[in-house]
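Hi,

Here is the structure I said I'd pass on. Have a look at it first, and then read my notes underneath.

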Amino acid sequence: MGRKDWDYIGIPKLLVKRLEGFLKTSQAKKAGIFSKSELLRNAVIRYLEEQEKHFNNIESVEDFISEMHERDNILVTYNNNQQLTEIINSSLKRSIDKNQLFVLFISKQQEATFVQSMEEIDDITTLYNREDVIIIHIEEHYVDGNYSMDSIFAKFNEIERIARRHSKSALNVISTIGGDLFTRERYMDALSIESAVHKSINVFDIPVTLLCLYKSVPEEFEEISLENHDVVLKRIVTKTGIG
């Protein structure tokens, strides 16, 4: 049985993106789905059903994060430090497994919590020393009361050079910029930044996987937040407490 403590918002959007990749595979070509429209329709339906069933049976955030694809942009909420630690370490393990540069766009205030969470990872000091883990303070890109996209993208270019210097296959990024703005109820500022970043991910030279951390997303902003992410992974709060 799948997990019951979090739910997907907008999973069809992510599945369509997965489908676009599937249609380019040899498996799809062997099925002849490019030339037979009816077979294509049936294959699409079967593929989406299988993928939705697969996602609904994923039992942990760690499993979900390990299966993320390059250039995925996921919004995930968390309710406590235990959940935050699980998200951070799962993402870091994915970076290690895939030879990716792990990048944290976080505030100075959040750094101690993130660093403490990563202490559970073996040889974390070695990862720091090899620049396998990079911490960027979001305050560095806060100019005249707003986050500067020019400054953020310039930092991305700098990080890309580090990744290439160390022969990394991609960037695996966790960001709290949007979540920080949502916490301060600066919703439109957050949505503007998330929109710009979402558009840039698919055209950035090096593959970027982005995990945006939020403490919560008000229901009235769920649909528009989905426009700027491939899927929203929202923790469920039940009558008996946090799931």
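Below is what turned up in it, starting with the sheet.

Keep in mind that this is a predicted model. It has an open sheet of seven strands, and going across you meet them in the order β1-β9-β2-β8-β7-β3-β4, with mixed pairing. β1 (6-9) and β4 sit at the edges, each pairing on one side only. On average, neighbouring strands of this sheet are turned by 20 degrees against each other, if you ignore direction. In case sheets are new to you: strands pair through backbone hydrogen bonds, either parallel or antiparallel. For a parallel example, try β2 (residues 73-77) and β8, which are joined by five bridges. If you want one pair to click on, I74 has L211 in β8 as its bridge partner.

Next, helix α6 (residues 108-118). Which of its residues are buried? They are Q110, F114, S117 and M118. These residues lie on the same side of α6, because they cover an arc of only 90 degrees around the axis. Among the elements covering them are α5 (81-97), β3 (101-106), α7 (124-129), β4 (133-137), β7 (171-175) and β8 (208-214). Turn to the face pointing away from that buried side and you'll find the exposed residues K108, Q109, A112 and Q116.

One last spot: S60, in the loop between α3 (37-56) and α4 (61-66). Is S60 buried or exposed? S60 counts as buried, because its relative accessibility is 18% and the cut-off for buried is under 20%. Setting aside neighbours within four places in sequence, S60 is in contact with W6 and E86.

Cheers

Methods
Residues numbered from 1 in each chain as written. Predicted model: local features only at pLDDT ≥ 70, side-chain atom pairs only at ≥ 80, totals over all residues. Heavy atoms only, no water. Buried < 20%, exposed > 50% of the residue type's maximum accessible area, 1.4 Å probe, protein only. Helix = DSSP H or I, 4+ residues; strand = E, 2+ residues; numbered from the N terminus. Arc of directions from axis to C-beta. Contact = heavy atoms within 4.5 Å. Pairing = 2+ DSSP bridges. Axes fitted to C-alpha atoms, helices over the stretch in contact; angles between N-to-C directions.
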